[in-house]
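Trainee: I have a model open and want to work through it by question. Can we start with the ligand site and then take the sheet and the loops?

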Amino acid sequence: MNISVLTLFPDIIDNYFSHSIGARAVRNGHFNIDIINIRDFSLDKHGKVDDTPFGGGAGMLMMPQPLFDSAEYIKGKHPDTKIIYMSPKGRVLNNNLARELAQYSSITFVCGHYEGVDQRFIDEMVDMELSIGDYVLTGGELAALVSIDAIMRFIPGVIGSEDVHNEESFEDKLLEYPQYTRPAEYKGLKVPEVLSSGHHAKIKKWQREKQLEETLKKRPDLLDIAELSEKDRQYLDKLRKSKKTTK
Ligand code: ADE
């Protein structure tokens, strides 16, 4: 898979892919990252990329020419690329959408700045607008990085086998169970005994129950869409009843 990022701040993206799992994934060839500075495509002798909006209003807009030309350049390299403009107006990213996007052979993220981009670029060149949540960032770079991070987890080989259970647990729409590492006691706080029992079935049962407890407490909305067994439902009923009686 090829991931391109069109940005006015290439160092932000480059820095991210110099560290940790992203760097390892690129080094191991699980995907390729192509970072393009939109300013390099400006035909203005001072490298200007923004201008004031027609009709007035505060702030500056990114001009169409450098955006069109940089996107055309990427399309020349990757003719089948899907162009995604990061915007709070877009479809909101979730795990299912990240998995869907991971199936493309090429994605190009376009990061806006200032008050946004000329609408003609969106109308003509953009396949999809993507948001990472209902808040407004000062630029699209962090949103593109968040999206790429979520997407790359679905590219085979990017996360090691040690992380696979994370994927599986979100697959059934429940929150993670709590986890602990050494030491077994820290500042008088003990790790739940069952986890050192070596009893695999008991550990699994404890982890499932904790997932149900966490989800009921923090994201009860997820229980409407979660894949639950009869046993899960019985445990949830028990939790709800005990909550009522302790009130
Ligand atoms: N650019 C500014 N805010 C954004 C958001 N919430 N999601 C994606 N891109 C953005």
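Mentor: The turns below go through this predicted model.

Trainee: Which strand gives the largest share of the shell around the ligand?

Mentor: The shell includes Met-86, Ser-87 and Pro-88, as well as Leu-130 and Ser-131. Two elements give two or more residues each: strand 5, at 82–92, and strand 7, at 128–131. The largest share is three residues, and the element they come from is strand 5.

Trainee: How many residues of the shell around the ligand are nonpolar, and how many are polar or charged?

Mentor: Ile-132, Val-136, Leu-137 and Ala-143 are among the residues around the ligand. Gly-133 and Tyr-135 are also there. Gly counts as polar in this scheme, and Tyr as nonpolar. The division is eight nonpolar, three polar and no charged.

Trainee: Which residues place a polar backbone atom 3.1 Å from a nitrogen atom of the ligand?

Mentor: For Ile-132, the distance from a polar backbone atom to a ligand nitrogen is 3.0 Å. That leaves two residues with a backbone N or O atom at 3.1 Å from a ligand nitrogen: Ser-87 and Gly-133.

Trainee: How much of the accessible area of the ligand does the protein cover?

Mentor: Backbone atoms of Ser-87, Ile-132 and Gly-133 come up to ligand nitrogen. On its own, the ligand has 260 Å² of accessible area. The share covered by the protein is 95%.

Trainee: Now the sheet. Which strands are the edge strands?

Mentor: Five strands form an open, parallel sheet, in the order 2-1-6-5-7. An edge strand pairs on one side only. Here the edges are strand 2, at 32–37, and strand 7.

Trainee: Over how many bridges do strand 5 and strand 7 pair?

Mentor: Arg-91 stands opposite Leu-130 in strand 7. Across the sheet, neighbouring strands are turned by 35° on average, direction ignored. Strand 5 and strand 7 pair in the parallel sense, and the number of bridges is five.

Trainee: What angle does the direction of helix 3 make with that of strand 2?

Mentor: Helix 3 spans residues 64–77 and packs on the sheet. Its contacts are with strand 1, strand 2, strand 5 and strand 6. With the direction of strand 2, the helix makes about 155°.

Trainee: Last, the loop between helix 7 and strand 8. Which peptide bond is cis?

Mentor: Most residues other than glycine have a negative phi, and most peptide bonds are trans. Lys-173, in this loop, has a positive phi near 65°. Pro-183 lies in the loop too. With omega about 5°, the cis bond is the one joining Arg-182 and Pro-183.

Technical notes:
Residues numbered from 1 in each chain as written. Predicted model: local features only at pLDDT ≥ 70, side-chain atom pairs only at ≥ 80, totals over all residues. Heavy atoms only, no water. Near = heavy atom within 4 Å. Polar contact = N/O pair within 3.5 Å; in protein donor to acceptor, adjacent residues only side chain to side chain. Areas by Shrake-Rupley, 256 points an atom, 1.4 Å probe, with all protein chains shown as cover. Helix = DSSP H or I, 4+ residues; strand = E, 2+ residues; numbered from the N terminus. Pairing = 2+ DSSP bridges. Axes fitted to C-alpha atoms, helices over the stretch in contact; angles between N-to-C directions. Contact = heavy atoms within 4.5 Å.
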